[in-house]
Structure formats: C-alpha cells, structure tokens
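Here are some short exercises to work through with the model open beside you. Try each task before reading its solution.

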Amino acid sequence: MKKLCQRSFTLIEILLYFVILAVFLLTAVSFAIQILNVSQLSTHRHELELSGQFITNKITVALQSAESVDEPGSTFDSDLGVLSLTMADSLVSPTIFSYSSGDLTMKEGSGLPEALNSSYVSVDSALFHRIETAKTPDQIIVDLALSVVSDIPNTQAELAVHFTVSLRP
C-alpha cells in the first residue's frame, strides 16, 4: 500500500506567517495615519487661506469706501490693533475692525461686532499701520498672523497676511 503523504504547516511556519502579516498591517496602518495627517494639514491650510482672503476682502472694501480714518478711535502699530473708519453711510459709520482674544471682529455702525475668522482659525495678532504723505492718499498697511485651532498633533498651520490699501482721495 502506498502511504499517503500529508503535508501540513508546522507551528513555526504559522507563527512566521502571523509575524509577517503583523508587520504588513502595522506598516499599512502607519501609512494610512500619515495620509490622514497630510489630508488634515491640507484642509487646515485651505481654511487659513480662505479666512485670509475673506478678511483681506472685507478690510479692503471697507477702506476703499471709507471717507476717512478715525484717528482717535484707531490703534496703530500695536499687535492689538484697532482700525476705525468714518463711512459715508451713517448706518455703517463708524466701521471698526478690532482684534481681541483670537478673533478679528468688524462692527458696522450701531450693529453688533461679527467675527471675520471662523471658529477653526485663530487670529494671533492684527497690526494696522498708517502712512501719510503729502499729495497722495493715505495708505493702511495690515499685518495679520493666523493659525489653525487643532488638537491633532503635527497638523498645526500658520499664515501671515500682509497687504496695503490706499484710501480714496
């Protein structure tokens, strides 16, 4: 009679298989976590850029439609900047941009202040600087430091915004 040869896995072969599988799964999970972190960082940077553009547009439009800068109501050359503008329309005059506790707010006339940044974005500083020269319209230089509010490590992002707007003559 022929002897039937039964081939089966030994205990060492099974353990080796599980070790190889564990290393592969650990590598795959590590790679997936890195992809998620990069995705989160990309989302944060996009949120920062959108907030920076929105704030820039709001300040630019207000400055270009302002009658003048309210010097006593403004705080120039300070990280806790305040910019107060006298507007032609009495309903929105004065328009005040102010920085406080991580938010940049805009208050038009007697209305309530509204935060210009989202809850995901923190304004770390707001600096307004006024340049006055003879025979040219005044210019306001705006420097903002924005950062993302995040609890996830290695996904923090920051953005510096710098722009200049000329007041209309």
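Helices (H or I, at least four residues) and strands (E, at least two) are DSSP runs, numbered from the N terminus. Two strands pair if DSSP finds at least two bridges between them. The model is predicted, so local features need pLDDT of at least 70 and side-chain atom pairs count only at pLDDT 80 or more, while totals for chains, interfaces and linings use all residues. Residues are numbered from 1 along each chain as its sequence is written, and side-chain values use heavy atoms, with hydrogens and water left out.

**Exercise 1. Trace the sheet**

Task: Find the order of the five strands in the open sheet, and say which strands lie at its edges.

Solution:
- Step 1. The order reads β1-β2-β3-β4-β5, and the pairing is antiparallel.
- Step 2. β1 (66-69) and β5 (114-115) are the edge strands, as each pairs on one side only.
- Step 3. Moving inward, β2 (residues 82-87) is joined to β3 (residues 95-100) by four bridges, with Ser84 opposite Ile96 in β3.
- Step 4. From β3, six bridges lead on to β4 (residues 103-108); here Tyr99 has Leu104 as its bridge partner.
- Step 5. β4 then pairs with β5 over two bridges, and Thr105 is partnered by Ala115.

**Exercise 2. Inspect the turns and loops**

Task: Look for residues with a positive phi in the hairpin turns, then for backbone features in the loops.

Solution:
- Step 1. The hairpin of β3 and β4 has two residues between the strands, and Ser101 in its turn has a positive phi of about 50°.
- Step 2. In the hairpin of β4 and β5, five residues lie between the strands, and Gly109 in the turn shows a positive phi of about 60°.
- Step 3. Go next to the loop between β2 and β3, where Pro94 lies. The peptide bond that runs from Ser93 to Pro94 is cis, with omega near -5°.
- Step 4. Asp77, in the loop between β1 and β2, is a residue other than glycine with a positive phi, near 55°.

**Exercise 3. Place a serine**

Task: Is Ser74 buried or exposed, and what does its side chain reach?

Solution:
- Step 1. Locate Ser74 in the loop between β1 and β2.
- Step 2. Its relative accessibility is 10%, so Ser74 counts as buried (buried means under 20% relative accessible area, exposed over 50%, partly exposed in between, with a 1.4 Å probe and protein chains only).
- Step 3. Leaving out residues up to four places away in sequence, Ser74 touches Val69, Val82, Leu83 and Ser84; contact means heavy atoms within 4.5 Å.
- Step 4. The Ser74 side chain also reaches the backbone nitrogen of Ser84, at 2.9 Å.

**Exercise 4. Follow the charges**

Task: How many salt bridges does a search of the whole structure find, and which residues form the network?

Solution:
- Step 1. Apply the cut-off: a side-chain nitrogen of Lys or Arg within 4 Å of a carboxyl oxygen of Asp or Glu.
- Step 2. The search finds three salt bridges.
- Step 3. Arg130 meets Glu71 at 2.3 Å, N to O. Arg130 lies in strand β6 and Glu71 in the loop between β1 and β2, so this pair ties together parts 59 residues apart in sequence.
- Step 4. Arg130 also bridges to Asp138 at 2.4 Å and to Glu132 at 3.8 Å.
- Step 5. Compare exposure: Arg130 is buried at 18% and Asp138 is buried at 17%, whereas Glu71 is partly exposed at 40% and Glu132 is exposed at 55%.
- Step 6. Put together, Glu71, Arg130, Glu132 and Asp138 are linked in a salt-bridge network.

Technical notes. A polar contact is a pair of N or O atoms within 3.5 Å; within protein, one must be able to donate a hydrogen and the other to accept it, and residues adjacent in sequence count only if both atoms are side-chain atoms.
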